[in-house]
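Colleague: I would like to learn how features of a model such as this one are read, taking them one at a time. Could we look at the chain together?

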Amino acid sequence: MAFWDNLWRGSAAQFDSGSAATNSIALTRRNPSVSLTKQGAATGNLRVNLSWRMRTSDIEGRSRQSGRLLRNPMKLFQPDVVQAHTQGVVNVDLDLGCLYELTDGSKGVVQPLGSFFGDLNGPPFVKLSGDDRFGAPSGETIFVNLDHRESIKRLLFFVYIYDQTPAFDRTHAHVTLYPSNGPRVEIELDERAPQARSCAVFSVDNVKGDLIVRREVKFVYGFQAELDRLYGWGLQWGRGYKSQSRA
């Protein structure tokens, strides 16, 4: 019993502190925010990555996993095997985007839709590296130049399903922040919203020079315009399309 007690206590401590063993911090409902400034991570390029994989059924996955754990409890400590795509799996194209507001009052969006890829070395100091349409291991990545953090008032990173049937409940999706220094920050899109088309994942606010990352994970049934209204950005939205040359 002592072994198990120590094991679980160690896991809880690691989860709360985001410890050196995994070099990561998980943002959850219980622990929703972290200061990049206090982590010494408010300079250089912040890399934000969206990745996902498909699943066929929550019920199927849970029942199979429960059965395996009952037969062999030590499988609890083995990582999940990523299954290949099959014909029975719904194909979902998740996109990563970012609403920005700069300290000079300018506002806008960086996203694949409409080919708003941004700029890393000039305003808005946010740039999308490309558009992954198939859930590749590399996912989609947005870079933020934190060397110009004094020009950034707030950012809102979001994920949406482009021109497909809503299926957030059919994906394992997570967003990872990789600062230039310090631990990475992990955010799971772990709340099931089958009919949602968009999700506000996290925000970055410049609070008197302190860059605060806050978990949002708020699903909405519309697209960017609904996220705009929810967070008070005040932009004008129209129908957008992806460039065929950036697939």
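Colleague: How is S115 classed by its relative accessibility, as buried, partly exposed or exposed?

Modeller: The general scheme is that buried means under 20% relative accessible area, exposed means over 50%, and partly exposed lies in between, with a 1.4 Å probe and protein chains only. S115, at 32% relative accessibility, therefore counts as partly exposed. Bear in mind that this is a predicted model, in which local features need pLDDT of at least 70 and side-chain atom pairs count only at pLDDT 80 or more, whereas totals for chains, interfaces and linings use all residues. Residues are numbered from 1 along each chain as its sequence is written, and side-chain values use heavy atoms, with hydrogens and water left out.

Colleague: Where does S115 lie, and what is its phi near?

Modeller: Strands here are DSSP runs of E with at least two residues, numbered from the N terminus. S115 belongs to the loop between strand 5 (107-110) and strand 6, and its phi is near 60°, a positive value in a residue other than glycine. K208 also has a positive phi, of about 55°, although it is not a glycine; its place is the loop between strand 12 (198-207) and strand 13 (210-220). With a relative accessible area of 87%, K208 is exposed.

Colleague: Which peptide bond is cis?

Modeller: The bond from P123 to P124 is cis, with omega near 10°, and P124 sits in the loop between strand 6 and strand 7 (126-128).

Colleague: In what order do the strands of the open sheet stand?

Modeller: Two strands are taken to pair if DSSP finds at least two bridges between them. Here 7 strands form an open sheet in the order 1-11-10-3-8-7-6, and the pairing is mixed. Strand 1 (24-26) and strand 6 (118-119) stand at the edges, each with a single partner strand, so one side of each is left without a neighbour in the sheet. Strand 1 is joined by 3 bridges to strand 11 (residues 184-188), and the two run parallel; within this pairing, the bridge partner of I25 is V185 in strand 11.

Colleague: How many salt bridges does the structure hold?

Modeller: Side chains of opposite charge can pair when their charged atoms come close. The criterion for a salt bridge is a side-chain nitrogen of Lys or Arg within 4 Å of a carboxyl oxygen of Asp or Glu, and the structure holds 4 of them. One of these brings together the side chains of E101 and R154, at 2.6 Å from N to O. That pair links distant parts of the chain, with E101 in strand 4 (residues 94-102) and R154 in strand 9 (residues 152-161), 53 residues apart. E101 counts as buried at 8% relative accessibility, and R154 likewise counts as buried, at 17%.

Colleague: Which residue meets E186 in a salt bridge, and which one pairs with K218?

Modeller: The side chain of E186 meets that of R184, at 2.6 Å from N to O; E186 is buried at 18% relative accessibility, while R184 is partly exposed, with a relative accessible area of 27%. K218 forms its salt bridge with E216, and the closest N and O atoms are 3.8 Å apart. In that pair K218 is partly exposed, at 40% relative accessible area, whereas E216 counts as buried at 13%. Salt bridges that share partners also join E101, K153 and R154 into one network.

Notes. Helices (H or I, at least four residues) and strands (E, at least two) are DSSP runs, numbered from the N terminus.
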